[in-house]
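Welcome! Here are some short exercises with worked solutions, to be followed with the structure in view.

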Amino acid sequence: MSTTATPAAPAAERPVRDRADKFRQVKLVVTFAITFALVLWMAISIDNSDVLFLNAPSPDLEHQPEPFNGLRLVWIAVVISGIALAMAAFNLVPRNGWALLVYLAVGLSFYVAFTIWYYADQDSAVEAWITNPLPSMVKYSPPLVLGALAGVICERAGVINIAIEAQLLMGAFFGYVISSLAFSNGVGMVGAALAGVLVALVLGLFSLRYHVDQVVVGVVLIALALGLTTFLLGQIPTQQENASLNTLLSDPPDPLTPIEIPGLSQIPLIGRALFNQSILVYITLLAPIVVWFLLYQTRWGLRVRSVGEHPKAADTVGIKVNRVRWQAILLGGGLAGLGGAFYSVGSSGSFTDNAANGQGFMALAAVIMGRWHPIGATMAAFFFALTAAMKDDFGLVTKVPSELIAVAPYLATLIAVAGFVGRVRPPAADGQPYVKD
Amino acid sequence: MSEHDDKTPAEGSRSPGEDTLAPLAETKPTKSGGRSSSPLLDTVLTTAAAIFLALVIGAVLMALSNQEVIDSMGYFFVYPWDFFTRSADVVTTSYGALLKASLGSGEAIAHTLNRSAPLICAGLGVSLAFRAGLFNIGAQGQIILGTLAASYVGFTWDLPGPILLLASIVAGILAGAVWGAIAGALKAFTGAHEVISTIMLNSIAASGVLAYALGELKSFQRPGDELGLPQSPPVPDAAAFPEVFGVHLGVLLAIAAAGGVWWVLTRSTFGFELRSVGANPDASLTAGMSTAKVFVLTMAIAGALSGLAATMFINGDQASNNASLVGTVGFDAITVALLGRGTPLGSVLAGLLFGALAVGGGAMQTSSAGTAPEIVQVVQGLIVLFVAAPAAVRWLVRQRRKEPTDTFAAKGATA
């Protein structure tokens, strides 16, 4: 009788909380509380509220460091991280994609507060200013973003691409050689993309045709590309040996210059980052959208994803598994090779030994962090590009040991991956050669 | 063996009907009953053919990079003999120098062995992780941590000779083990992918811990080096490996470590669990094994082996610790493990081969042919590629046989 007096709530309305869900809340509360405490401490410890801010990578006639009230911004960061903490405490952080916005807001408020705290209250004779990191971040992004997209396309088709580093290196080297020979940056970029395709060809030949373990091929390709580019760089003839070739190769065309889009580039903060960049960067900014469209809105993309998840089923409905895989890895190779052009055509014009310097591995990490999704991987790649931009700037002031600044991005990635990305699931057929019965 | 077993594309892969424990066997027959050659002979022949092919391609590169050979190509159709004699001359000089420097004398062999020791140790670490389905890219960071601990204990602690040496080695091994265990624990308890965590831990070790020790820790710097390349003092003689005929004790330790890894993998309960988790973590979990324990312990042992590799530089070569001491040994270790197919004996042989090539590469450059040492790197890569692709090698040597290739890497290695 008494049970009928209190009508039981429908099951759907009563939140069922398992251990994992509670653990998630604890993690969020702890992380946000630490962030909040740090940001609050920074806000309190700043004495002089004014900091200098430069809305450009370097000062010029139009852009000079200008003072602004940084403390106010830090207090805003305090409020935002406080709200996030409260949301976590009352278990209001959404469980879907919107959670990403909360994480982003917390991360951003910490970043802003830390930057202002870092530059505030200097006692050095030369005053250092905060540089808008966005233009540098976007400028550094091509190898990371295009490399990560290459990884996404290949792995969604079921081919592990460890060799992003190799594609970047070969792209950089051949971008330099071909742009010098043709004396054209455009031709050089095509050459860089083709060099990436060449690496993808070898990857495809051994992994798709001969079914060699794809991790083995990838690791080998990195070693080969490193050896080959260093070797070929040493083979550039001296003036005595081959005067004409030497002249061509020692005088590459000027690197890509920024193309300013009038009007749009005047937008405060982001204008110069997005609308005053080289053609390579514009391609990089468009590529994630194009790749997302290709993978998720076209028939070809559906085929790519299906051969990466269940090649046998795809084969049953008449999809040529290996043909689709070939297309995917060649396209990926072209993208990564183009990204490699950043190191030669896009920055100095020439090639330095081991130009990629491990960024291919960072792109690989971005693929996994972004859960094999083009947009997720792109965001992770932009985060790594931001940390690369930070490293340039933060060396001027020594409030914190420079080594701590240097490892901050890696630590942040570890914490993010361990705490919030967690177990990720690669495409089901990733790394498995498909043998038709 | 049925035809079906022959078709397994990779040990531990997930295609249906593959959930047998066959992949757990130490060496898997690469062929079915159709032919009579033994698997061992098959492996030896394939490897020999791969090395030969890689050396041939290396020779072509060498010849084409030599100025005299290029000059003779200008009149190739007039007097082709010149081209061939000069090419042959360059190749024999270069490979002769390589062979002489790596195996030509007792001193050369000792040099090769010392150079191989860190590759063998670190390669064993990567191999072991492979067998558990973990792709350990972190040998580099683990070695860096090992060198820091081993050298710090070596030159600061005041202990009598052998005890100091022992303390230094143990410190190096422990530091590597801790650094490896971090990645294992992150994988076990949070699911963080070991590829990401080991890449990040490499960077933290190199640009964080090592840079801090060399840049900020006064006790770690050798006086007078602060402005140039900061470096630590070398360990005193008391903490150095004793040498016999120029071969230091570390080489023996490396061989012993290989024996230890073989024992753990094939004779211990933990080794069975390790291989089982590598072949199929879900099935192992269902069977009552703790994958968390396997992940943490495996990465700790892998890190310890990398730490042992670190002692080869610090206690073996008595090198000063600086930013470039380790070089790329941690990444070469991956190649060694791949060439060694994840087995201890394979790692030893691959480490010896790569050690010899590394020693010989320098000699090629100083020989009269002046061949670029990067050729060695290309040859190393090609050897691994060809060994992993027996079908491709057979195709290249025109011995086509219908047979899918057999590779060892486990499922966890899928990024």
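**Exercise 1: Two rings in chain A**

Phe383(A) has a relative accessibility of 30%, so this residue counts as partly exposed. Please keep in mind as you work that the model is predicted.

Task: Decide whether Phe384(A) is buried or exposed, and classify its ring pair with Phe383(A).

Solution:
- Step 1. The relative accessibility of Phe384(A) is 2%, so Phe384(A) counts as buried; the cut-off for buried is under 20%.
- Step 2. A pair of aromatic rings is described by the distance of the centres and the angle of the planes.
- Step 3. For Phe383(A) and Phe384(A), the centres are 5.7 Å apart and the planes stand at 50°.
- Step 4. Stacked pairs have planes under 30 degrees apart and edge-to-face pairs over 60, so this pair is tilted.

**Exercise 2: Two rings in chain B**

Task: Classify the pair formed by Phe83(B) and Phe84(B), and state how accessible each residue is.

Solution:
- Step 1. The distance is 5.3 Å centre to centre, with 70° between the planes.
- Step 2. With the edge-to-face cut-off at over 60 degrees, the pair of Phe83(B) and Phe84(B) is edge-to-face.
- Step 3. Phe83(B) is at 16% relative accessibility and therefore counts as buried.
- Step 4. Phe84(B) has a relative accessible area of 43%, so Phe84(B) is partly exposed.

For the wider picture, a search of the whole structure gives 16 aromatic pairs over all chains. Ring pairs also join Trp41(A), Phe110(A), Phe114(A), Trp117(A), Tyr118(A) and Tyr119(A) into a cluster.

**Exercise 3: Where the chains meet**

Task: Describe the interface of chain B and chain A, and find which element gives the largest share of the chain B side.

Solution:
- Step 1. Start with the contacts: 55 residues of chain B touch 49 residues of chain A.
- Step 2. Together the two chains bury about 4600 Å², and 75% of that area is on carbon and sulfur atoms.
- Step 3. Zero salt bridges are found across this interface, while one residue pair is in polar contact.
- Step 4. On the chain B side, α8(B) gives the largest share, 12 residues.
- Step 5. Sorted by type, the residues on that side are 33 nonpolar, 17 polar and five charged.

**Exercise 4: One threonine**

Task: Locate Thr230(A) and list its contacts beyond four places in sequence.

Solution:
- Step 1. Thr230(A) lies in helix α8 (residues 214-234) of chain A.
- Step 2. Its relative accessibility is 14%, so Thr230(A) counts as buried.
- Step 3. Apart from neighbours within four places in sequence, Thr230(A) is in contact with Asp353(A) and Glu374(B).

Terms used. Residues numbered from 1 in each chain as written. Chains lettered and ligands numbered in written order. Predicted model: local features only at pLDDT ≥ 70, side-chain atom pairs only at ≥ 80, totals over all residues. Heavy atoms only, no water. Contact = heavy atoms within 4.5 Å. Buried area = accessible area lost by both parts, 1.4 Å probe. Salt bridge = Lys/Arg side-chain N within 4 Å of Asp/Glu carboxyl O. Polar contact = N/O pair within 3.5 Å; in protein donor to acceptor, adjacent residues only side chain to side chain. Helix = DSSP H or I, 4+ residues; strand = E, 2+ residues; numbered from the N terminus. Nonpolar A, V, L, I, M, F, W, Y, C, P; charged D, E, K, R; others polar. Phe/Tyr/Trp six-rings, centres within 6.5 Å; stacked < 30°, edge-to-face > 60°. Buried < 20%, exposed > 50% of the residue type's maximum accessible area, 1.4 Å probe, protein only.
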